[in-house]
Amino acid sequence: MPELPEVETTRRGISPHLLNQSVQQVIIRNRNLRWPISRQLANDIKDQTITSIERRGKYLLLGTDKGTLIIHLGMSGSLRILPCDEEVKKHDHFDLQMKNGQCLRLHDPRRFGAVLWTRKSPETHKLLSALGPEPLSEQFNTEYLFNRSRQRKQVIKTFIMDSKIVTGVGNIYASEALFLAGIHPKHAAGRISQTRYAKLAESIKTVLEAAIEQGGTTLKDFTQSDGKPGYFKQQLNVYGRADESCTSCGTKIKQLTLGQRASYFCPHCQK
DNA sequence: AGTGCGGCCTGTCCGC
DNA sequence: TGCGGACAGGCCGCAC
């Protein structure tokens, strides 16, 4: 499942192949994603040159002079750079074929992803305008988290997974960051001290940065057609480790459901 | 306004 | 071995 680090690694992987390249044509093989891919999109982006490739939360933004292509990978989406004539596989939804013969291909079995086009500046798009700060930015800091959390009755795990609070912290890294910060996932967000929020902000940045760093070294070549899409799994301390021993103290990791999401924590290390 | 949850999908896993 | 059902998971959009 692509979390922010995978999306960032994808961004870095595809950028050199697409930047300053022009679109030959768009092929929509299966419109069915979270929202149907617009048929008009093919006309909008044809002949445009990709001038920027950015990331906002887990959204990838391919900028042109006429507008921006917004891509979200959902939970099973992957992007690869391939020759345009590469064999099409099941669940290949979308091709952005470039004039240099390279192709950006979106593969998404569970169809939770999205491909959208906007003529406006992307930050004003409905899906992006309400997003909180980037977790790796300076705006995301102790004071910000502390201030936003006051009066909140919500548990801390769902609070940090709220995209309006901070964008891009998914289920895996929410659990991992709380473990690193020593905070119980069920703790009320409004009752956590500023000191502990300092630790939490730092922990969120640390786990995401470590995963991005590892992505850079373990990721498969984005231009290869065989093998895995290229996602990687960092060594995780708590996520998916119910009933296993805590890497720090040996206590059995526990699992509970918060906001309909599996959550993992060490009952000894996290209070 | 804050909060919780339904729904979209299919590969994988589990039990019979 | 084959089959059916439960489940995971991002996150919008609605209901309260």
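**Exercise 1. Find which atom of DNA strand B lies 2.5 Å from a polar side-chain atom of His 91, and then describe the surroundings of that strand.**

Solution. Begin with His 91 in this predicted model, where a polar side-chain atom lies 2.5 Å from a phosphate oxygen of DNA strand B; such a polar contact is a pair of N or O atoms within 3.5 Å, and within protein one must be able to donate a hydrogen and the other to accept it, while residues adjacent in sequence count only if both atoms are side-chain atoms. Next, look at Arg 152, whose side chain has an N or O atom 2.6 Å from a phosphate oxygen of the strand, and at Gln 260, where the corresponding distance to a phosphate oxygen is 3.3 Å. Then widen the view to the residues around DNA strand B, among them Arg 34, Lys 90, Arg 110 and Lys 153, where a residue is near a strand if one of its heavy atoms lies within 4 Å of it. Finally, sort the residues of this surface into 2 nonpolar, 3 polar and 6 charged, counting Ala, Val, Leu, Ile, Met, Phe, Trp, Tyr, Cys and Pro as nonpolar, Asp, Glu, Lys and Arg as charged, and the others, Gly among them, as polar.

Residues are numbered from 1 along each chain as its sequence is written, and chains are lettered from A and ligands numbered from 1 in the order in which they are written. Local features need pLDDT of at least 70, side-chain atom pairs count only at pLDDT 80 or more, and totals for chains, interfaces and linings use all residues, while side-chain values use heavy atoms, with hydrogens and water left out.

**Exercise 2. Work out which residues come nearest to DNA strand C, and which parts of the strand the side chains of Tyr 59 and Arg 110 approach.**

Solution. Start from the 18 residues around DNA strand C, of which Arg 34, His 72, Met 75, Tyr 239 and Arg 261 come nearest. Then turn to Tyr 59, which has a side-chain N or O atom 2.7 Å from a phosphate oxygen of the strand, whereas Arg 110 places a polar side-chain atom 3.2 Å from a base nitrogen. Lys 126 can be added, with a side-chain N or O atom 3.4 Å from a phosphate oxygen of DNA strand C. As a last step, consider the strand's own atoms within 4 Å of the protein: 55% belong to sugar or phosphate and the rest to bases. The residues of this surface divide into 8 nonpolar, 4 polar and 6 charged.
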